[in-house]
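User: I am new to this protein structure and would like to go through some of its features. Please explain each answer step by step.

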Amino acid sequence: MSTPAFAATLFVPDDYQTIQEAVDASSPGDVIKVGPGTFAGAYTEKQLTIVGSNGTVIDEANSYPQWPGEDAFTINGPDASGTEIRGMAIVGVGVQYGVYAFDADDVKVVNNVFDGLQFGIEGYGINDAQVVNNVFEGVYWGVLLLYSDDVKVVNNAYIDNFQSIRNSGGSRWIIEKNIIDGSVPARVRNGIVVVAPANDNEIRKNWIRHVGNRTSGLQTYAGVLLFELGFAELGGNTIEKNYVEISVPDLQDNDVSAGVSLVSFPFPGNTDGIVGNMILKNKLCGTGTLVHANPEELLASNLIEKNKDKCDHNDY
(Lines give C-alpha, C1' and ligand atoms only; values in the text may rest on other atoms or scores of the structure.)
Protein backbone atom coordinates (compact mmCIF):
# COMPACT_ATOMS: atom_id res chain seq x y z
CA MET A 1 0.00 0.00 0.00
CA SER A 2 1.39 3.40 -0.99
CA THR A 3 0.03 6.72 0.19
CA PRO A 4 0.68 10.00 -1.67
CA ALA A 5 2.70 12.64 0.13
CA PHE A 6 -0.18 15.09 -0.07
CA ALA A 7 -3.64 13.63 0.42
CA ALA A 8 -6.58 15.52 -1.03
CA THR A 9 -9.79 16.24 0.89
CA LEU A 10 -13.08 15.76 -0.91
CA PHE A 11 -16.38 17.09 0.48
CA VAL A 12 -19.85 15.54 0.31
CA PRO A 13 -22.26 17.03 -0.69
CA ASP A 14 -20.37 20.25 -1.52
CA ASP A 15 -18.02 18.73 -4.11
CA TYR A 16 -19.85 15.46 -4.79
CA GLN A 17 -23.50 14.62 -4.23
CA THR A 18 -22.85 11.08 -3.00
CA ILE A 19 -20.12 9.33 -1.04
CA GLN A 20 -19.67 6.85 -3.89
CA GLU A 21 -19.01 9.67 -6.36
CA ALA A 22 -16.34 11.02 -4.03
CA VAL A 23 -14.79 7.56 -3.63
CA ASP A 24 -14.70 7.07 -7.40
CA ALA A 25 -12.98 10.44 -7.88
CA SER A 26 -10.46 9.94 -5.06
CA SER A 27 -6.90 8.68 -5.01
CA PRO A 28 -5.44 6.30 -2.40
CA GLY A 29 -4.82 8.11 0.87
CA ASP A 30 -7.44 10.82 0.30
CA VAL A 31 -9.90 12.00 2.96
CA ILE A 32 -13.62 12.22 2.25
CA LYS A 33 -15.55 14.47 4.62
CA VAL A 34 -19.30 13.94 4.70
CA GLY A 35 -21.53 16.73 5.95
CA PRO A 36 -24.86 16.53 7.79
CA GLY A 37 -27.64 14.76 5.97
CA THR A 38 -28.78 11.31 4.91
CA PHE A 39 -26.69 9.35 2.40
CA ALA A 40 -26.06 5.93 0.92
CA GLY A 41 -22.78 4.23 1.80
CA ALA A 42 -19.94 3.37 -0.57
CA TYR A 43 -17.66 0.64 -1.91
CA THR A 44 -13.88 1.04 -2.00
CA GLU A 45 -10.89 -0.94 -3.20
CA LYS A 46 -8.43 1.80 -2.21
CA GLN A 47 -7.21 3.18 1.10
CA LEU A 48 -9.38 6.11 2.18
CA THR A 49 -10.50 7.92 5.30
CA ILE A 50 -14.24 8.56 5.24
CA VAL A 51 -15.32 10.89 8.02
CA GLY A 52 -18.79 12.02 8.99
CA SER A 53 -19.84 15.10 10.90
CA ASN A 54 -22.50 15.76 13.49
CA GLY A 55 -25.68 14.69 11.74
CA THR A 56 -24.27 12.33 9.10
CA VAL A 57 -26.66 9.38 8.67
CA ILE A 58 -26.19 6.37 6.40
CA ASP A 59 -29.49 4.62 5.71
CA GLU A 60 -28.92 3.04 2.29
CA ALA A 61 -26.54 0.32 1.14
CA ASN A 62 -23.91 1.19 -1.44
CA SER A 63 -25.07 0.68 -5.02
CA TYR A 64 -21.76 -0.38 -6.55
CA PRO A 65 -22.86 -2.65 -9.45
CA GLN A 66 -19.86 -5.01 -9.27
CA TRP A 67 -20.58 -5.76 -5.58
CA PRO A 68 -24.34 -5.84 -5.08
CA GLY A 69 -25.38 -6.42 -1.51
CA GLU A 70 -26.69 -4.85 1.64
CA ASP A 71 -23.51 -3.21 2.97
CA ALA A 72 -23.38 0.45 3.89
CA PHE A 73 -19.60 0.41 3.48
CA THR A 74 -17.67 -2.34 1.68
CA ILE A 75 -13.87 -2.37 2.05
CA ASN A 76 -12.50 -4.90 -0.41
CA GLY A 77 -9.01 -6.18 -1.05
CA PRO A 78 -5.40 -5.52 -0.01
CA ASP A 79 -5.24 -2.11 -1.70
CA ALA A 80 -8.00 -0.93 0.67
CA SER A 81 -5.84 -1.71 3.72
CA GLY A 82 -5.67 1.22 6.12
CA THR A 83 -9.18 2.48 5.34
CA GLU A 84 -10.96 4.26 8.17
CA ILE A 85 -14.71 4.75 8.67
CA ARG A 86 -15.39 7.37 11.34
CA GLY A 87 -18.07 9.54 12.86
CA MET A 88 -21.33 8.36 11.26
CA ALA A 89 -24.68 6.91 12.28
CA ILE A 90 -25.44 3.79 10.23
CA VAL A 91 -29.05 2.73 10.64
CA GLY A 92 -30.99 -0.36 9.62
CA VAL A 93 -33.53 1.00 7.19
CA GLY A 94 -31.99 0.04 3.85
CA VAL A 95 -28.87 -1.52 5.38
CA GLN A 96 -28.16 -4.97 6.84
CA TYR A 97 -24.36 -4.69 7.22
CA GLY A 98 -22.81 -1.51 8.57
CA VAL A 99 -19.23 -2.21 7.50
CA TYR A 100 -18.09 -5.29 5.59
CA ALA A 101 -14.35 -5.73 5.05
CA PHE A 102 -12.61 -8.50 3.10
CA ASP A 103 -8.87 -9.21 2.87
CA ALA A 104 -7.91 -5.67 3.90
CA ASP A 105 -5.62 -5.12 6.89
CA ASP A 106 -5.42 -2.22 9.35
CA VAL A 107 -9.07 -1.24 8.88
CA LYS A 108 -10.25 1.26 11.50
CA VAL A 109 -13.88 1.72 12.54
CA VAL A 110 -14.06 4.53 15.07
CA ASN A 111 -16.73 6.70 16.73
CA ASN A 112 -19.73 5.39 14.79
CA VAL A 113 -23.26 4.42 15.82
CA PHE A 114 -24.73 1.20 14.43
CA ASP A 115 -28.47 0.99 15.03
CA GLY A 116 -30.97 -1.73 14.12
CA LEU A 117 -28.74 -3.69 11.73
CA GLN A 118 -28.27 -7.39 11.17
CA PHE A 119 -24.47 -7.00 11.38
CA GLY A 120 -22.65 -3.96 12.70
CA ILE A 121 -19.19 -4.95 11.46
CA GLU A 122 -18.35 -8.16 9.62
CA GLY A 123 -14.95 -9.01 8.23
CA TYR A 124 -12.89 -11.86 6.83
CA GLY A 125 -9.10 -11.87 6.92
CA ILE A 126 -8.73 -8.31 8.19
CA ASN A 127 -5.63 -8.42 10.39
CA ASP A 128 -4.69 -5.50 12.66
CA ALA A 129 -8.22 -4.09 12.55
CA GLN A 130 -9.33 -1.58 15.20
CA VAL A 131 -12.90 -1.20 16.46
CA VAL A 132 -12.89 1.67 18.95
CA ASN A 133 -15.44 3.97 20.61
CA ASN A 134 -18.50 2.79 18.65
CA VAL A 135 -22.07 2.20 19.81
CA PHE A 136 -23.99 -0.88 18.66
CA GLU A 137 -27.68 -0.86 19.55
CA GLY A 138 -30.34 -3.38 18.60
CA VAL A 139 -27.88 -5.17 16.30
CA TYR A 140 -28.10 -8.95 15.92
CA TRP A 141 -24.31 -9.38 15.59
CA GLY A 142 -22.28 -6.41 16.81
CA VAL A 143 -18.75 -7.35 15.68
CA LEU A 144 -18.19 -10.61 13.77
CA LEU A 145 -14.71 -11.17 12.36
CA LEU A 146 -13.48 -14.43 10.87
CA TYR A 147 -9.85 -15.54 10.60
CA SER A 148 -8.52 -12.12 11.52
CA ASP A 149 -5.49 -11.72 13.81
CA ASP A 150 -4.15 -8.91 16.02
CA VAL A 151 -7.49 -7.11 16.29
CA LYS A 152 -8.32 -4.47 18.92
CA VAL A 153 -11.93 -4.11 20.11
CA VAL A 154 -11.80 -1.42 22.78
CA ASN A 155 -14.14 1.05 24.52
CA ASN A 156 -17.30 0.23 22.60
CA ALA A 157 -20.87 0.12 23.93
CA TYR A 158 -23.24 -2.71 22.97
CA ILE A 159 -26.92 -2.35 23.85
CA ASP A 160 -29.48 -5.13 23.38
CA ASN A 161 -27.57 -7.15 20.81
CA PHE A 162 -28.01 -10.91 20.37
CA GLN A 163 -24.25 -11.43 20.35
CA SER A 164 -21.98 -8.45 20.81
CA ILE A 165 -18.43 -9.60 19.94
CA ARG A 166 -17.48 -12.78 18.09
CA ASN A 167 -13.94 -13.75 17.19
CA SER A 168 -14.04 -16.79 14.92
CA GLY A 169 -10.58 -18.19 14.25
CA GLY A 170 -8.50 -15.17 15.25
CA SER A 171 -5.48 -14.92 17.55
CA ARG A 172 -3.85 -12.17 19.61
CA TRP A 173 -6.96 -10.02 19.95
CA ILE A 174 -7.35 -7.38 22.65
CA ILE A 175 -10.98 -7.08 23.81
CA GLU A 176 -10.96 -4.51 26.56
CA LYS A 177 -13.15 -2.00 28.39
CA ASN A 178 -16.31 -2.67 26.41
CA ILE A 179 -19.77 -2.20 27.94
CA ILE A 180 -22.27 -4.89 26.96
CA ASP A 181 -25.73 -4.17 28.33
CA GLY A 182 -28.72 -6.35 27.49
CA SER A 183 -32.12 -5.46 28.83
CA VAL A 184 -34.42 -6.86 26.09
CA PRO A 185 -34.75 -10.60 26.81
CA ALA A 186 -35.76 -11.61 23.30
CA ARG A 187 -32.49 -10.35 21.84
CA VAL A 188 -29.69 -11.18 24.25
CA ARG A 189 -27.65 -14.40 24.42
CA ASN A 190 -23.85 -14.25 24.83
CA GLY A 191 -21.59 -11.23 25.30
CA ILE A 192 -18.15 -12.19 23.97
CA VAL A 193 -17.58 -15.40 22.00
CA VAL A 194 -14.23 -16.82 20.89
CA VAL A 195 -14.37 -19.77 18.47
CA ALA A 196 -11.38 -22.03 17.80
CA PRO A 197 -8.86 -22.03 16.29
CA ALA A 198 -8.05 -18.98 18.41
CA ASN A 199 -5.04 -18.49 20.65
CA ASP A 200 -3.44 -15.86 22.87
CA ASN A 201 -6.40 -13.49 22.98
CA GLU A 202 -6.81 -11.05 25.89
CA ILE A 203 -10.28 -10.29 27.25
CA ARG A 204 -9.99 -7.81 30.10
CA LYS A 205 -12.04 -5.31 32.08
CA ASN A 206 -15.29 -5.64 30.16
CA TRP A 207 -18.65 -4.93 31.84
CA ILE A 208 -21.33 -7.36 30.76
CA ARG A 209 -24.97 -7.46 31.84
CA HIS A 210 -27.53 -9.90 30.45
CA VAL A 211 -31.21 -10.48 30.79
CA GLY A 212 -31.56 -13.77 28.94
CA ASN A 213 -34.61 -15.16 27.18
CA ARG A 214 -34.96 -18.91 27.09
CA THR A 215 -35.94 -20.69 23.88
CA SER A 216 -36.30 -24.40 23.20
CA GLY A 217 -33.41 -26.83 23.62
CA LEU A 218 -30.23 -26.72 25.66
CA GLN A 219 -29.08 -23.11 25.98
CA THR A 220 -25.86 -21.50 27.15
CA TYR A 221 -25.90 -17.95 28.53
CA ALA A 222 -22.40 -16.67 29.19
CA GLY A 223 -20.62 -13.39 29.61
CA VAL A 224 -17.58 -14.88 27.84
CA LEU A 225 -17.81 -18.14 25.86
CA LEU A 226 -14.76 -20.05 24.59
CA PHE A 227 -16.03 -22.52 22.02
CA GLU A 228 -14.05 -25.28 20.34
CA LEU A 229 -15.69 -26.84 17.32
CA GLY A 230 -14.21 -29.65 15.27
CA PHE A 231 -11.06 -30.44 17.26
CA ALA A 232 -9.27 -27.13 16.73
CA GLU A 233 -6.82 -25.50 19.12
CA LEU A 234 -8.03 -22.98 21.68
CA GLY A 235 -5.24 -22.10 24.10
CA GLY A 236 -3.32 -19.33 25.82
CA ASN A 237 -6.33 -17.02 26.06
CA THR A 238 -6.59 -14.70 29.07
CA ILE A 239 -9.97 -13.74 30.56
CA GLU A 240 -9.29 -11.39 33.43
CA LYS A 241 -11.06 -8.80 35.59
CA ASN A 242 -14.37 -8.83 33.73
CA TYR A 243 -17.68 -8.13 35.46
CA VAL A 244 -20.61 -10.29 34.38
CA GLU A 245 -24.17 -9.92 35.61
CA ILE A 246 -26.66 -12.51 34.31
CA SER A 247 -30.37 -12.93 34.88
CA VAL A 248 -32.31 -15.70 33.11
CA PRO A 249 -35.68 -15.89 34.89
CA ASP A 250 -36.87 -19.20 33.39
CA LEU A 251 -33.60 -21.14 33.38
CA GLN A 252 -34.22 -24.88 32.98
CA ASP A 253 -32.40 -27.81 34.58
CA ASN A 254 -30.11 -28.52 31.61
CA ASP A 255 -29.38 -24.92 30.72
CA VAL A 256 -26.10 -23.20 31.47
CA SER A 257 -25.72 -19.73 32.93
CA ALA A 258 -22.13 -18.71 33.65
CA GLY A 259 -19.72 -15.83 33.84
CA VAL A 260 -17.25 -17.74 31.67
CA SER A 261 -17.98 -20.95 29.76
CA LEU A 262 -15.54 -23.40 28.12
CA VAL A 263 -17.26 -25.69 25.64
CA SER A 264 -15.92 -28.36 23.31
CA PHE A 265 -18.36 -29.60 20.67
CA PRO A 266 -19.48 -32.14 19.58
CA PHE A 267 -19.61 -33.59 23.06
CA PRO A 268 -17.51 -34.91 24.71
CA GLY A 269 -15.21 -32.93 22.45
CA ASN A 270 -11.46 -32.54 22.29
CA THR A 271 -10.15 -31.88 25.78
CA ASP A 272 -6.56 -31.73 24.46
CA GLY A 273 -7.37 -28.70 22.32
CA ILE A 274 -8.58 -26.36 25.08
CA VAL A 275 -5.55 -25.99 27.35
CA GLY A 276 -3.53 -23.24 28.97
CA ASN A 277 -6.27 -20.63 29.12
CA MET A 278 -6.27 -18.32 32.14
CA ILE A 279 -9.53 -17.25 33.78
CA LEU A 280 -8.56 -14.89 36.59
CA LYS A 281 -10.15 -12.36 38.95
CA ASN A 282 -13.54 -12.10 37.22
CA LYS A 283 -16.75 -11.27 39.09
CA LEU A 284 -20.16 -12.80 38.53
CA CYS A 285 -23.44 -11.41 39.81
CA GLY A 286 -26.75 -13.17 39.35
CA THR A 287 -27.87 -16.64 38.33
CA GLY A 288 -25.45 -19.37 37.36
CA THR A 289 -21.87 -20.36 38.07
CA LEU A 290 -18.58 -18.53 37.90
CA VAL A 291 -16.89 -20.83 35.41
CA HIS A 292 -18.63 -23.63 33.50
CA ALA A 293 -16.90 -26.33 31.43
CA ASN A 294 -18.22 -29.02 29.12
CA PRO A 295 -16.63 -31.53 29.47
CA GLU A 296 -15.74 -30.94 33.11
CA GLU A 297 -12.14 -32.08 32.52
CA LEU A 298 -11.45 -28.64 31.08
CA LEU A 299 -11.57 -27.18 34.58
CA ALA A 300 -8.34 -29.01 35.37
CA SER A 301 -6.45 -28.23 32.14
CA ASN A 302 -6.89 -24.45 32.36
CA LEU A 303 -5.84 -21.98 35.05
CA ILE A 304 -8.94 -20.80 36.92
CA GLU A 305 -8.20 -18.69 39.99
CA LYS A 306 -9.50 -15.85 42.17
CA ASN A 307 -12.89 -15.45 40.49
CA LYS A 308 -15.62 -14.15 42.79
CA ASP A 309 -19.36 -14.43 43.06
CA LYS A 310 -19.89 -10.79 43.91
CA CYS A 311 -22.21 -7.99 42.75
CA ASP A 312 -19.65 -5.21 42.85
CA HIS A 313 -18.57 -3.49 39.66
CA ASN A 314 -16.85 -0.43 41.10
CA ASP A 315 -13.55 -1.49 39.57
CA TYR A 316 -14.92 -1.92 36.05
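User: Is G286 buried, partly exposed or exposed?

Analyst: This is a predicted model, in which local features need pLDDT of at least 70, side-chain atom pairs count only at pLDDT 80 or more, and totals for chains, interfaces and linings use all residues. Residues are numbered from 1 along each chain as its sequence is written, and side-chain values use heavy atoms, with hydrogens and water left out. G286 belongs to strand β30, where strands (E, at least two residues) are DSSP runs numbered from the N terminus. Buried means under 20% relative accessible area, exposed over 50%, and partly exposed in between (1.4 Å probe, protein chains only), so G286, at 42%, is partly exposed.

User: What separates the C-alpha atoms of G286 and H210?

Analyst: Along the chain, G286 and H210 are 76 residues apart. In space, their C-alpha atoms are separated by 9.5 Å.

User: Which cysteines form a disulfide?

Analyst: A disulfide is a pair of cysteine sulfur atoms within 2.5 Å, and a search of the whole structure finds 1. The sulfur atoms in this pair are 1.8 Å apart. The cysteines concerned are C285 and C311.

User: How many residues apart in sequence are the parts that the disulfide of C285 and C311 ties together?

Analyst: C285 lies in strand β30 (residues 283-286), whereas C311 is in the segment after β33 (308-309). C285 is buried at 9% relative accessibility, while C311 is exposed at 55%. Because of these positions in the chain, the pair ties together parts separated in sequence by 26 residues.

User: Is the disulfide of C285 and C311 right-handed or left-handed?

Analyst: The relevant value is the torsion about the S-S bond, which is about 85°. The disulfide of C285 and C311 is therefore right-handed.

User: Which residue meets D181 in a salt bridge?

Analyst: Side chains of opposite charge can pair when their charged atoms come close. A salt bridge is a side-chain nitrogen of Lys or Arg within 4 Å of a carboxyl oxygen of Asp or Glu, and the whole structure holds 7. For D181 the N to O distance is 2.7 Å, and its partner is R209.

User: Which strand holds R209?

Analyst: D181 lies in strand β21 (residues 179-181), so its pairing with R209 ties together parts that are 28 residues apart in sequence. D181 is partly exposed at 23% relative accessibility, and R209 is partly exposed at 22%. The strand of R209, spanning residues 207-211, is β24.

Conventions: Helix = DSSP H or I, 4+ residues; strand = E, 2+ residues; numbered from the N terminus.
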